Structure formats: C-alpha cells, structure tokens
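Reader: I am new to reading structures. Please take one part of this one and go through it closely with me.

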Amino acid sequence: MATEGLGFEARRLIRAASAATLATSAEGMPFASLVTPATEGDLSPLLLLSSLSEHTRHLKAEPRCSLLFVGAPEGLNPQTAPRVTLTGLAEQVPAEEVASLKARWLARHPYAALYADFGDFALWRVRPGGALLVGGFARATRLRLADLLPDPAAVAALAAAEAEILGHVNADHPDAVAVIAERLLGGPAGAWRLAAVDTDGCDLALEERVMRLDWPAPVADADGVRAGLIRAARQARAAQQGFAPQHKPLSGE
C-alpha cells in the first residue's frame, strides 16, 4: 500500500479512537496515562485535561509527548491489533479557539458535558510531528508528516461547510442517519444525528453514544460527504433485507 493509503489508514484509526494512551515525561522519567481524544479537521488530537492531573503538569514543563491509539485485534492475540503511535508537541488551546474546539471535543464525548466546564479543566491540542503505524502483526511503517496529514484544502473546505452539512442532514434526513447507525454500524434504535464530519469519516450520535462511519476514501468537500452518506445509506437499506420504511431520501439516493 502506498504511503498515502497508509496515512489514510492511520488517520481513520486515530479519529475512531474514544481513548488513547498519553506518554509524558518528568525529569527524565516516562509516564503513561489514559486520555479521551477527539481530533481537529487537520488531525491534531484534542484533549480535555485537568490541571490536577500529573500528565498535565508534565506537559506544562515538557510539551513533547506521544499518543498511542489502538484498534481491535483480529483474534485473541493483542499483537494483531492495528495501532498508531503519534508523536508531537502539546499546547493549551488559545482562549479564542476554545468554544468551537470544545464543542468538537464534546461531539465525540457528549457524556463529559457534566464536567467539561469545571474550572480545573482546559482544552489541549497535540501538534503532530510524525507517526508509526503498525497495521497488525509485523506490519510497521514510519509515516512522514506529509503522508499522515489530510489535504489542507480539503480540511478548510469541510470546516467552512460543516455547520451547513450538519444542519441540513439532521433537519431533512434523520431517517438516513438512523438507518446508517442502526443497520450499518450496529447501533441501537433511536433518534441518531450527524455530530461531526471530516475528510476521513463522520461521527453519529445518540444521546451519549457516538459511533464512527469511515469514508472508503478521503473526501475533499461537502459533495464528498454527501456521496459518502448516500453510499452508506444504500448499504444500510440493503442490509434491511427488503424492509423499506418510509423516508425522505438524501439527494441522489
């Protein structure tokens, strides 16, 4: 697989992770902790960290860190699990960016709304520096930043269109979102909504549950998102084995 394809594989794994291992250091001693990441459009991981946590104190003194994202193993051997080690520099998100990026983080972790505004919590980002992708047992590839990160023009296009995409899909096509979540992703029945989109996939949410839909290939704009959702809705309805409830189809279905 070309390095561009491996970068896409790594991004999908990173964006799908609801938890990761953060490695920091203090006075030369390494320290690992559990964190709950989300990602910006450009793949920078977002972390909501408490100032009371040891790893936060470490990052304030030494911003160099790494994050380990792990997927599901193919069987009983955990070494078959795909995984990405992302290295980078951590920084606290500037005040003018906090509102929009916290909303993005909460779209991935809605249960955290109970404590996200506590005074000791702050939003951090990790600026990626490189990554090691292990696609499974004995499949390790070092990824350059240029091969790992999504296309900047596509990131900008989706950032500009995301609010309109979410509003349109959730207002006009809730049945399509629900059938994707329930029939394609195996979620429970309910009022699912589209919570976030990016170049590599989208997040679907039902109350505090969030599920990830990967695109088959990176998308560059709102038309790519629409095509990805149409494809997923068709696959989901085919999985209903002939059961076809009334719905308002997505344009192009």
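Author: What follows is a close look at the largest pocket, then at a strand that helps to line it, and last at an aromatic pair.

This is a predicted model. Start with the pocket. The largest pocket has a volume of about 380 Å³. Its lining is made up of 19 residues. Nearest the centre lie G41, L101, R104, A159 and E162. Three elements each give two or more residues to this lining: α3 (95-108), α5 (152-172) and β9. The largest share belongs to α5, with six residues. Now sort the lining of the largest pocket by chemistry. There are 11 nonpolar residues, three polar ones and five charged ones.

Next, take strand β9. It spans residues 193-198. Five of its six residues are buried, so the strand is mostly covered. Its partner is strand β10, residues 201-206. The two run antiparallel, and five bridges join them. For one facing position, look at R193: it stands opposite A205 in β10. Between β9 and β10 there are two residues, and the strands form a hairpin.

Finally, turn to the aromatic rings. The count comes to one aromatic pair. The rings of Y115 and F121 have their centres 5.3 Å apart, with their planes at 35 degrees. Stacked planes would be under 30 degrees apart and edge-to-face ones over 60, so this pair counts as tilted. Are the two residues buried or exposed? Y115 has 28% relative accessibility and F121 has 23%. Buried means under 20% and exposed means over 50%, so Y115 and F121 both count as partly exposed.

Technical notes
Residues are numbered from 1 along each chain as its sequence is written. This is a predicted model: local features need pLDDT of at least 70, side-chain atom pairs count only at pLDDT 80 or more; totals for chains, interfaces and linings use all residues. Side-chain values use heavy atoms; hydrogens and water are left out. Buried means under 20% relative accessible area, exposed over 50%, partly exposed in between (1.4 Å probe, protein chains only). Helices (H or I, at least four residues) and strands (E, at least two) are DSSP runs, numbered from the N terminus. Two strands pair if DSSP finds at least two bridges between them. Rings of Phe, Tyr and Trp (its six-membered ring) pair if their centres lie within 6.5 Å; planes under 30 degrees apart count as stacked, over 60 as edge-to-face and the rest as tilted. On a 1 Å grid over the protein atoms alone, a cavity is a set of points where a 1.4 Å probe fits but cannot get out, and a pocket is an open set with protein on both sides within 12 Å along at least five of seven lines; lining residues have an atom within 4 Å of a point. Grid points are joined across faces, edges and corners, and a volume is the space filled by probe spheres set on the points. Ala, Val, Leu, Ile, Met, Phe, Trp, Tyr, Cys and Pro count as nonpolar, Asp, Glu, Lys and Arg as charged, and the others, Gly among them, as polar.
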